[in-house]
Amino acid sequence: MKKEVKNRLMRRLKIIEGQIRGLQKMVERDEYCITVIGQTSAIRQALSSVEDVMLQNHLETHVVLQMKSGAHKKAIREILSVYKVSKKK
């Protein structure tokens, strides 16, 4: 993984970590349900952006190498498994 991609992901994950801590405090304070749901939606979107970056990195690095080395069936299996899991959300 390129250093810039890793740094970007780590920054996003730290933000998500802060959002989770904030969410815990909101629940502890019995905040309004809709406000809590809004925060969970923001966290879900942030996690989705992490997934997007990871998938792009995987396609640009591992999949390209797998295709070049003749391991295209493995690449296809991996991408399909991620796709199937994402459809269950």
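At what angle do the axes of helix α2 and helix α3 cross, and within what distance do these axes come? In the predicted model examined here, the axes of α2, which covers residues 33-68, and of α3, which covers residues 72-87, cross at roughly 155° and come within 8 Å. Because angles over 145 degrees count as roughly antiparallel, α2 and α3 are therefore assigned a roughly antiparallel arrangement with respect to each other. The crossing in which α2 passes α3 is left-handed.

The contact between these two helices is formed on the α2 side by L55, H58, L59, V63, Q66 and M67, which meet H72, K74, A75, E78 and I79 on the α3 side. When the residues of this contact are sorted by character, 6 are nonpolar, 3 are polar and 2 are charged.

With regard to the chain as a whole, the secondary structure consists of 3 helices and 0 strands, and the order of elements read along the sequence follows the pattern α-α-α. The radius of gyration of the chain is 17 Å, whereas a compact globule of 89 residues would have a value near 12 Å. The C-alpha trace spans about 55 × 30 × 15 Å along its principal axes, and buried residues account for 17% of the 89 residues in the chain. Among the contacts in the chain with a separation of 6 or more, 49% are made by residues that lie 24 or more positions apart.

Terms used
Residues numbered from 1 in each chain as written. Predicted model: local features only at pLDDT ≥ 70, side-chain atom pairs only at ≥ 80, totals over all residues. Heavy atoms only, no water. Axes fitted to C-alpha atoms, helices over the stretch in contact; angles between N-to-C directions. Helix = DSSP H or I, 4+ residues; strand = E, 2+ residues; numbered from the N terminus. Parallel < 35°, antiparallel > 145°, perpendicular 65-115°, else oblique. Left-handed = near helix turned anticlockwise from the far one by under 90°. Contact = heavy atoms within 4.5 Å. Nonpolar A, V, L, I, M, F, W, Y, C, P; charged D, E, K, R; others polar. Rg over C-alpha atoms; globule rule 2.2 N^0.38 Å. Buried < 20%, exposed > 50% of the residue type's maximum accessible area, 1.4 Å probe, protein only.
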